[in-house]
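Me: I've got a protein to look at and some words I don't fully get yet. Can we go through them together?

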Amino acid sequence: MARGRVGRQYGAKTVVRSGRQVSEPQLTTRRMRSVRAIRNIGLWLGLVLMIGLGALMLFDRQARLEAAFRQSVALANGIDRPVYYEMRNLERAMEGIAAERAFFGERADDLAATHLEFSINAVVARHDEIERIVVYGSTGNAGTTGAAYPGAREQVAEWLATLAPGTAPLTAGPLLRHSGEWLLPLAMRMADGGWLVAMFRTRELEWMVNALDIGRDGSATVYTRDGVVLARFGEGRHVGRQVELPGQLAHGDGRLIDEWVSPLDGIRRAFTFSGNSEYPFVVSAGIGLHEALAPWRLYSAAALGIAGFYWLGFAVVLRRARRDERAQVGLAAAVAEQADWLQQAQLASATGVWRLSPGAEHVRVTEEMAALFGLERREGHVPFEALFDRLHEDDRERVRCELLALQKDGLPFAQEYRVCLPDGGMRWLKARGATINDRGGAVMTGTVTDITERRDAQSRMALAEQQFRHLFERNPLPSWVYDLEDLRFLAVNEAAVDTYGYSREDLRNLSVIHLLAPQDHAAGREVLLDGGGPDGLQRNWLLKARDGRLVEVRMHARTIELDGRQARLVLAEDIGAQASYERALAWRASHDVTTGMLNLPALAEQLDAHCAAKAGNGFAVAYLQLRDLELVAPTQGRRAGESILCEVAARFRRVAEDCGISGYLPSQTFVIAALDPGQMDAMVAALVDAIGRPVEAEGGTFPLGAWIGLAIGTCEDGGAEKVIGNAALASLHARRENLQVVPYSAAMAEQATGRLAMVRQLRQAHEHREFELHFQPIFDLARGRVVALEALLRWRQGDGSFVPPAQFIPLCEESGLIVPIGTWVLEESARLHSRLDAAGHGDVAIAVNVSAVQFEAGMSADAIRRLFERHKLPAHALHLELTESVLLRHPEDARSLMGALREAGLCLSLDDFGTGFSSMAYLRELPLDHLKIDRGFVRDVTRDSRSAAICRAMIALGHGLGLSIIAEGVEEAGQLEWLRAHGCDQAQGYHLGRPMAIDALLASMTLQAGKAD
């Protein structure tokens, strides 16, 4: 096969390349063109680099400034919002106190003063940020309630005298220093012209600003509107100083974003001032510009350095290229002379041959060499990097570094490495090389040999050894090998070292006997020797760790031969943890985790076992349901709830220790059993005593209450489960009748059976549409006409009689039937409103009572909107009457849902107002339209002065809140006249109209309309 030869004819100015003759002037011209191309490309590239770096630095600087301003805006908002909420909560608390004072009016008795003092103390106790609250009269003098401390009274009084009548609801006064802390007076004008002044601790604001991450030069400050510093990040010494705030705040929209030099420390920052809230504060947050631009200056310096290095490197490269161009012409002959030699060496040795010049990007290789790497030659060369790209990634850097280092030092090179072939295979090669001096300089040349078969054999042997070693070393069970003659350790794995605390060296200097606990030494010496056999180890042993711990294990052993000696391989399975885990699982299966008491199945099982052991004795059971404990966790926190629960459990456990056993049934239900029925009275007395003592918890003192059901059972009476069920039924009866202790009787079971039967009848009545609606008119007292109808649910029986609502509606709520029935009532009321509209009474609304269960489970604004759209109801065609229990369960959720329902077109009324836990605080915030006075107050309004006073107060309160008042249960003409005379808006009752079916009601309304005409 003909091969192109590389050589030089020294007698002529001609270079032979692959059979073509090229003159030296032609080569020189080509190389000069290459040098000029390199120069031009370098110049243009440098220019582009300069422009790009300049633009990048400008953009980066602008971006960092914008980021600093954005961060200052975020920090200002992060301070402004908690300050706003803090002030809003304080304002609402003070409004509540003012409302309480207004409610009592001008009364000067001890009750009014005590109630006001109690309200102020309660607010101060809830708000740690308030030092005290002081009531000032309209003349500026401090009252007795919450009296101010000496020295501040005159200052606050002088300040109050300067306030104009149109002052904002919450006004900040002069900053005061008292007992080492700064106080800010916050004043609110009351209805009687007096003032309510709260002394606000500014350390609350300091906590807000100190919680921020603003950098080394950052600033976060809270000012008054006059520029007095109330709190500043990390610098309490500036509190009280007054600075001149930017004038733009007074003329803008309350927010200013600009660069500003703080007069407090003289640092220029990207500042954001925010004074948007309705409260007299201005917050500012600033990011130091010098700090924000520090990385930009570093990057700019780095960019200049890069540019300098580029031009320096370009000059060096250009100079080197010119010098190399001149040298290459001289080296061409030397390279050509070596070509034939390399080809002959390749044919003679049947091994790949290579030659590498210092700094060369290509390596001259033979065909065999290229084939070993799976590469193709071009003019006898392969790229230097292509060779290393073929090397395995684990070998690549090692071989590269050693080759270049040895080439530089002129030392021999020898390495074994892996090559990844294009077809996915891998080949092991051994390369040898040495540096030789050629006429053109020092070059490295060498050979490459395929050693794949040898390395594969070595790898298989090493892998087998490694696998066997890993099986031992990585075994999760502690394992060791010991000599059967002297019982000394020959090898131990990592699990043994970790488990028993000895190092490998310590164990190899010990015998196996040293691991045995003292009580197992004697048996161990017989079993561990060769005569004991492997079966002797199949018992449980106690091993002693280095720290003295005893580990219970089960050993598995086999005799092996190691290095020509008889040895034994042992695996020690730790069964102590498993046993502990099984005991823990068994305990959890029979106990409550929180209280540590038996659960109900375990308690019943123990009582049945007691009966089996002592037949005929029987036992007594007390079933306790704690009252209101489920409210502790949502109000006082989960930890307080668990603390109270555990304390109660401990008390009941002590009672049970004297008479029998106890158990717990989540949630808040305890079962205490006396194994001797004769001890039941003593057990009940002890339980009542335990319940009568309140529990001290983190949130304060928590009084206990419980309903206790008692039952006595014999061992032949169906077992403990039935007796516990009887006690539970008695407890349920105690809860329903609000009694503390109720013994079980057979009548309770009959009553429960009857209630279950009625629940089934109620389900059938709902399915068969046996319910109907009657309507009672609600009159507008000023106009004397019907303005609304209250829908009342009636259950008609087959004989035409009705089941009293008080008998079946509570069962509907308990069983959950109130939800589908309530949905039907809403749908039926919407449908019947169309009949009102057709009869010319479309402006008359229908009021529907909604229970707490139905409100939480079956109400949504979307459903109400669809109901209005489906029946084409006008706005406010339906009213919802809610009881206070709706609000007490989940106040925030109820408030949110009520707002959405009102937006959907409903009017909302608060039913039975005054009979529950009404609070002016939530009345002010609820989206209500009407308040309904309970019939219990209306009944005696003409005969009892207290009832009359309460009704007058309710009417005044409702009107003050912008609500209309509806009186229920008007049964006498005198009651109606009294209500009309005292400004009541609407009324309903038997005196005005009895509940009746829709047909009769429409006929009555038509007749009344005719009489009016």
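Me: Which helices and strands each supply at least two residues of the lining of the largest cavity?

Reply: They are S14 (352-356), H8 (367-373), H9 (384-390), H10 (393-409) and S17 (413-420). Helices (H or I, at least four residues) and strands (E, at least two) are DSSP runs, numbered from the N terminus. H9 gives the most, 3 residues. By the way, this is a predicted model: local features need pLDDT of at least 70, side-chain atom pairs count only at pLDDT 80 or more, and totals for chains, interfaces and linings use all residues. Residues are numbered from 1 along each chain as its sequence is written, and side-chain values use heavy atoms, with hydrogens and water left out.

Me: What makes residues count as lining a cavity?

Reply: On a 1 Å grid over the protein atoms alone, a cavity is a set of points where a 1.4 Å probe fits but cannot get out, and lining residues have an atom within 4 Å of a point. For the largest cavity, 15 residues pass, and Met369, Leu387, Phe388, Leu403 and Tyr417 lie nearest its centre.

Me: Why is Cys812 called buried or exposed?

Reply: Buried means under 20% relative accessible area, exposed over 50%, partly exposed in between (1.4 Å probe, protein chains only). Cys812 has 0% relative accessibility, so Cys812 is buried.

Me: And what is Cys401 called?

Reply: Cys401 has 48% relative accessibility, so Cys401 counts as partly exposed.

Me: How many disulfides are there?

Reply: The search of the whole structure finds 0; a disulfide is a pair of cysteine sulfur atoms within 2.5 Å.

Methods
1 Å grid on protein atoms, 1.4 Å probe; cavity = no way out; pocket = protein on both sides within 12 Å on 5 of 7 lines; lining within 4 Å.
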